[in-house]
Structure formats: C-alpha cells, structure tokens
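Reader: Could you give me a close look at one helix-helix contact, and then tell me how the rest of the chain is built around such details? I would like the cut-offs spelled out as you go.

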Amino acid sequence: MSPAALLRALPLAALLLLGPARAVRQARRPNVVLILTDDQDVCLGGMTPLKKTNALIAQMGITFVNAYVPSALCCPSRASILTGKYPHNHHVVNNTLEGNCSSKLWQKIQEPYTFPALLKAMCGYQTFFAGKYLNEYGAEDAGGVGHVPPGWSFWYALEKNSKYYNYTLSVNGKARRHGENYSVDYLTDVLANMSLDFLEYKSNFEPFFMMIATPAPHSPWTPAPQYTKSFQNVSAPRNSNFNIHGKNKHWLIRQAKTPMSNSSIQFLDDAYRKRWQTLLSVDDLIEKLVKKLEVNGELDNTYIFYTSDNGYHTGQFSLPIDKRQLYEFDIKVPLLVRGPGIKPNQTNKMLVANIDLGPTILDIAGYDLNKTQMDGMSLLPLLRGDKNVTWRSDFLVEYQGEGYNGSDPTCPGLGPGVTHCFPDCVCEDSYNNTYACVRTLSAAWDLQYCEFDDREVFVEVYNLTADPHQINNIAKTIDQEILEKMNYRLMMLQSCSGATCRTPGVFDPGYRFDPRLMFSNHGLRARRFSAQFL
C-alpha cells in the first residue's frame, strides 16, 4: 500500500475510534512540527543560505541565539532530543551499535519513553517521522528496517546514515529501495513529498506531531541538480581561529598541521559550498510545508521548530572538517520556533539545549512533565514571553572519543587509538578525546570549563566574553576558586538525573559550594568520568 493510501485510511479509523467530544477537544490542541538538519552549524554561517526559512520561521517567531547540544555527534545528540536526557543518562555515546546507537538495549530501555512515544500513547497525537533517525537504525543485529520504534503512527526512516541517493527507507517496517533518479529519489525532496502527503490525508480529529530529519548538510554533500552552480564564489569563513595552531589545547588539537596544505583548504572550501547547496533543498521543503499548513488552515495552530543535531567546523584550529570537539562551532546549533502565542521577530539569549525539545513539546501537548525522567526544561514559558522566568545558567557537554585499536593507515606515526584521519595525517578523533564541560552563561560570566579523561586530566577553560573564538586556554591563569567551583559543578552535572540536572549553577544566587566534597585525587575523578559511559 502506498504512503498516500495508508494515510487516506486514517480519517475513517480515527472517526471510529474517537467519540465526537474527544475529537473536538483533540483538534483544538496545537500541532507540532520538528525539522532536524544533519551537521548544520550556526557559528560559521550555516543559516545564511536559508532565506525562506528565515522569513517563514525566524521572522515569524523566535530565534534562540544560545542553543546548544550536549554532545557534538549525530547519534548521541539525536538520542538526547528523543529522550530529553544527557548522554550519561540515555547511554548512547557514539555512532556505533557498540556505543548504543539504535542498539537492542536502546530499543528496550529508552525508546518506549521517548517524547513521541508519550505523545502518541498518553496525549492522543498522531505522529509522523520521515528521514534520518539514528546512525545505526536498520542494522541487522538490531532488528533491521522491520523495527519500528514505539510512538510512530507513520514511519519513513532512512536505513543508517545520511545519503541523498541510493538508499533504503523503512516504510512502516517494509524496506523500500531508492535509486539515483533526481525526480523520484533525491531524499530531501522525497521527505518533503511524504510530509505533504501526510498533511493531505491525515486525520482531522487528532492533533499531529511531525519530525522531518533531512540528510542535508551532511556528507556526501550532494546538491539537487538545479543548485550545483550556486555559491560559486563562497568559501569557508577565515575567522580568527581558522588555520591556526591550537596552542595550549588538548593534544588532539595540537597535532593538526599548521598551516594546512593547499589541498586541505581547497577540500574544505569545496565542502563548505556543497553544504550550502544541499541546504537550498531544505529551504524549499520549509516553504512547501508552511504553505500546505496555511492552505489547510492549520498554520496558526502549529508550532514549527527548526534545529540541527550538532554544529561543524571547516578549518578551525587547522582541523579540516568534522564535528565532535568541545568548541562553540561544534556544540552550538540553530534553533528557530514559530507558533501560537509567539510574537514575530524575537531573539532570545537564554541558554537552551536540545534536551529541552522533548519537555517543550510534551508541555505544548499538555503532558505533566513531573511524570517524566527528562533532564531538560520546557521552553514554553520563553516562547510565550512569560515574565520573571527562572532559567538555567549552565549545562553539561560530554563526549566519549572513538579510536581504532590499530594504527590508522593514513597516520601510522600517531600509533593506535586515533580515527577520522586525513591524508596529511590530521586526525579528528581519538580514544582519549573523551571530555566533559560545563558551559556557563550568566549575567557576569560567559565561560566554558572542560576536563579530558586522559593521563593528564587536561583542562581547557575559555572566557568567551574576551575570547569568543576560544583561542586562549586560561586554565592556568583563572582564579583558583572559580576553577574549583567549576570542577565541582562538573562532577555534579555528570552524575545528575532529572531535576538534579536543573540545580543552580556556579554563578547563580542559590549555588552552594562545599570544598570538603571535592575529590582530593584527580585520578579518581578521571576514572569515574570514564566509567560512567560504560
């Protein structure tokens, strides 16, 4: 049965299942659409190509200029969106099955309690998913594409990682293979068409939630044919941390060759242009979606969220291209929202994270957040413009590095334990690129404090007020009392769960610091840090 036919069957079923009173009540509740891009930065101009998205969402609603992810990697970040939890609580640590990415354990322990599962089971929403789910979704060892996670009425999920052509979709648990014909196979357009079909044939007696997860602008950066000549004169930004040595940083950053070779710069400039080209199709998707909601008379009762799973870098500290690092360019993402009660052309500077999306959407649906175990906070008071809202001043960033047991063939001199290495022997990750940070944004401080789980227990600290591009590590010069407080706060956040993740930060009036609770041995601290991810 075709997607359209499946969707056409829904209204009759809904009428049979819903009494008139319940149908009217449900129809009045807001709808929600979440658009999730893949690897889209905000620090390096990633929103620039999206003129329509800016006009239709940002200018009609609110832009959060301090939106972050707790882990700058696809699968852990997406798991945080779905669960509302930090990685140490959902236990997805990388993009592999062994790292719990769409594993049997994830399916058993976390999937039944994701916010879409609660929306469908407890709030009566019809739910629609289209696009990239988790990087290992569809793996044979985890149920293949026949596995449809709980909580989804309609399921059109990409098998494994982002592609634009030659991919397989799980269509409600059945495999559908796509080729390389632009008119019927280009994935961003396919997702747009499936979304429009859903809006055409869905039930009108239940509110709906849609999650549309595009491949763009993830590699292999394949633009639609009409956009292959766009942005020919665009190159990656040459800001103050571009193509410089990462002095006083963790060894993985210091090992990058500076200056970069001409071939590396040409490669990253080309990647940057292609990333923008792929986003033009996302811009078209947004336009089609908003127009369809307007034609249906549903736009005014629909919240639309636009964000990314992580940021990206192109040449910063001489690292060619990737994510995974602790710096702003990798952990900061776009977040735009429009919807009922949101005034147009707003900018919000509060510190928000993608663990807040699940609580926010459940709050919109009227679900009691006290019944969840989520670490995040509802953004609804900020969206409504409530006065005197008590908000967080910090949040946790955590990442477990990946590396091969053997030496990388492109970089034998660095020995075992590295991965994602480029031909000129610059590696983007390693086993001991394992770190945790407290990112603080208060009235007095714009600060990042990070510890690495390595033999040195290496520390990086940045004052982003004075040093927005994080060039100067001030770990050895910052006031010792602040250092101790941040260390303690980091330990607290690394063991937090639910409400304890929302306690006052170091610079909040309600913060309490007892130096006697500090570990006296950094080695013990480091071992704890590593063990919690196992």
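Author: Happily; what follows starts with the pair of helices and then widens to the whole protein.

This is a predicted model, in which local features need pLDDT of at least 70 and side-chain atom pairs count only at pLDDT 80 or more, while totals for chains, interfaces and linings use all residues. Residues are numbered from 1 along each chain as its sequence is written, and side-chain values use heavy atoms, with hydrogens and water left out.

Let us go to helix α4 (residues 51-58) and helix α12 (residues 262-295), whose axes come within 8 Å and cross at roughly 35°. Axes here are lines fitted to C-alpha atoms, for helices over the stretch in contact, with angles from 0 to 180 degrees between N-to-C directions. The crossing of α4 and α12 is left-handed, meaning that the near helix is turned anticlockwise from the far one by less than a right angle (clockwise would be right-handed). From α4 the contact takes K51, K52, T53, L56 and I57, and from α12 it takes D283, D284, I286, E287 and V290; contact means heavy atoms within 4.5 Å. By type, the residues of this contact divide into 4 nonpolar, 1 polar and 5 charged. In that count Ala, Val, Leu, Ile, Met, Phe, Trp, Tyr, Cys and Pro are nonpolar, Asp, Glu, Lys and Arg are charged, and the others, Gly among them, are polar.

Now for the loop that leads to α12. P259 sits between α11 and α12, and a cis peptide bond joins T258 to P259, with omega about -5°. A cis bond also joins A216 and P217, again with omega about -5°; P217 belongs to the loop between β8 (208-213) and α11 (251-254).

Another residue worth a visit is T188, in helix α10 (residues 187-201). T188 is buried at 0% relative accessibility, where buried means under 20% relative accessible area, exposed over 50% and partly exposed in between (1.4 Å probe, protein chains only). Beyond its neighbours within four places in sequence, T188 touches Y164, P215, S281, V282 and L285.

Helix α14 (residues 357-364) is largely enclosed by the rest of the structure, because 7 of its 8 residues are buried. After α14 comes G366, with a positive phi near 90°. Positive phi also turns up in residues that are not glycine: N172, at about 50°, is partly exposed with 28% relative accessible area, whereas N345, at about 55°, is exposed with 58%.

Stepping back, the protein has 17 helices and 20 strands; these are DSSP runs numbered from the N terminus, helices being H or I of at least four residues and strands E of at least two. Buried residues make up 61% of its 534 residues. The radius of gyration is 23 Å, which agrees with the value near 24 Å for a compact globule of 534 residues; it is taken over C-alpha atoms, and the globule rule is 2.2 Å times the number of residues to the power 0.38. Among contacts between residues at least 6 apart in sequence, 72% join residues at least 24 apart.
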